[in-house]
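This report describes selected features of one protein chain. It addresses an annotated domain, surface patches, salt bridges and backbone geometry.

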Amino acid sequence: MRVLASAPAKIILFGEHSVVYGKPAIAAAIDLRTYVWAEFNENGAIKIEAKDIRVPGLTVSFSEDEIYFESDYGKAAEVLSYVRQAIELVRKEADANGKGITVSITSQIPVGAGLGSSAAVAVATIGAVSRLLGLELSNEEIGKLGHKVELLVQGASSGIDPTVSAIGGFIHYEKGNFEHLPFMELPIVVGYTGSSGSTKELVAMVRGTYEEMPEVIEPVLVAMGKIVEKARDVITSDLDEELRFAQLGRLMNINHGLLDALGVSTKKLSELVYAARVAGAIGAKITGAGGGGCMYALAPENQSEVATAITIAGGTPMITRISREGLRIEEVLP
Ligand code: MEV
């Protein structure tokens, strides 16, 4: 038997980092996906192959026996630890320890770009392997297992990335609970800096500053939580679209300033954010952990001008759409 599952990337619209401290966040699944094939093997081992994994500047294919942990190729190799933990967790759930499983991954989601590639890989792996082992798990349960995988590999995680990858759409997330927000087409442009940041290191860096000076950082996190609640009110309000976009744009700009204050922006991220604003975006901010990775801009009137400005500033623009669908079982072959 062979099973193919796929899971989407995500963008965090508001509330990255503060969500790790129990504050709310808003995220959406987007239409870039990771595909995972799972099948049994005879030798009882876990075997993992990665094909066409995108890292800054190149696309790589490799198997677990030939991992290199330096440079950006190493970033791609880190993906394998999510896959291995995901398979082990599902084997345990299914009481199938020792069952040989081979997994093959291909991904359209750049690694380390803040678009949730690790979570999508974990969620698609759990989806494919659980179906292979005959476990009937809902997408929500798979998201929760994906959160466990992130905690095992990263040490700290809010769980928002695997949740949105598993269930799809547009969500408000707080302390493990999510709620779908009314679907709206968001005219956004994502700008990739071309370099990757480590979520684990950035979350640890913010934690370090928090522990050193909680009286300074706590109000910043509280303000980020308030931005998210205001954004939810705007999204669910009956204001006309123009007004809603204008308010969301202002909230994005404030959220970006606070992320910069936490130290997770970079020169390149800020350049892309300002280039987008100068080209007419209503709002622009980092999305995801920062330290490289991506920003996004809200540009209802001028997506293509903003995309050009991002290119001129040295980034790679992507015009993406929100994906209503999360984890999907694509094929089950006998
Ligand atoms: C990463 O996409 C978002 C962070 O808030 C980490 C997390 O929520 O686990 C930086």
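Helices and strands are DSSP runs, with a helix (H or I) needing at least four residues and a strand (E) at least two, and they are numbered from the N terminus. The model discussed here is predicted.

**Backbone geometry in two loops**

K175 is found in the loop that joins β6 (170-174) to β7 (177-180). This residue is not a glycine, yet K175 has a positive phi of about 45°. With a relative accessibility of 63%, K175 counts as exposed, because the exposed class begins over 50%. A positive phi, of about 70°, also occurs at H17, likewise not a glycine. H17 belongs to the loop between β1 and β2. Its setting is buried, as the relative accessible area of H17 is 5%, and buried means under 20%.

**Salt bridges**

The count of salt bridges comes to 13. Three of the pairs are listed below, each with its N to O distance.

| Pair | Closest N to O distance |
|---|---|
| D161 and K10 | 3.1 Å |
| E218 and K23 | 3.4 Å |
| R84 and E88 | 3.5 Å |

The salt bridge between D161 and K10 links distant parts of the chain, with D161 in helix α4 (residues 160-167) and K10 in strand β1, 151 residues apart. Both partners are buried: D161 has a relative accessibility of 17%, and K10 has a relative accessible area of 3%.

In the salt bridge of E218 with K23, E218 lies in helix α6 (residues 214-236) and K23 in the loop between β1 and β2 (25-40), so the pair ties together parts that are 195 residues apart in sequence. E218 is partly exposed, at a relative accessible area of 26%, whereas K23 counts as buried at 16% relative accessibility.

The bridge between R84 and E88 is set within a single element: both residues lie in helix α1 (residues 71-93), four residues apart, which is about one turn of the helix. R84 counts as partly exposed at 27% relative accessibility, and E88 counts as partly exposed at 32%. Elsewhere, E179, E229 and R232 are joined into one network by salt bridges that share partners.

**Surface patches**

Which residues form a negative patch on the surface? The patch consists of D240, E241, E242 and E301. E301 is found in the loop between β10 (294-298) and α9 (303-312). At 73% relative accessibility, E301 counts as exposed.

A nonpolar surface patch is formed by M1, F40, I329 and V332, which together have about 300 Å² of accessible area. M1 is found in the segment before β1 (2-14). A relative accessible area of 42% makes M1 partly exposed.

**Annotated domain**

UniProt, in an unreviewed entry, lists residues 244-310 as "domain: GHMP kinase C-terminal". In the predicted model, the span 244-310 is 58% helix and 15% strand. The C-alpha atoms at the two ends of residues 244-310 lie 24 Å apart.

Methods. Residues are numbered from 1 along each chain as its sequence is written. This is a predicted model: local features need pLDDT of at least 70, side-chain atom pairs count only at pLDDT 80 or more; totals for chains, interfaces and linings use all residues. Side-chain values use heavy atoms; hydrogens and water are left out. UniProt positions are given in the numbering used here, feature names are shortened, and annotations may be inferred rather than shown by experiment. Patches are made of residues with over 30% relative accessible area and no salt bridge: like charges are joined within 9 Å, nonpolar side chains (Val, Leu, Ile, Met, Phe, Trp, Tyr) within 5 Å. Accessible areas come from the Shrake-Rupley method with a 1.4 Å probe; for residues, only the protein chains shown count as cover. A salt bridge is a side-chain nitrogen of Lys or Arg within 4 Å of a carboxyl oxygen of Asp or Glu. Lys and Arg count as positive and Asp and Glu as negative; His and the chain ends are not counted. The place of a charge is taken as NZ of Lys, CZ of Arg, CG of Asp or CD of Glu. Buried means under 20% relative accessible area, exposed over 50%, partly exposed in between (1.4 Å probe, protein chains only).
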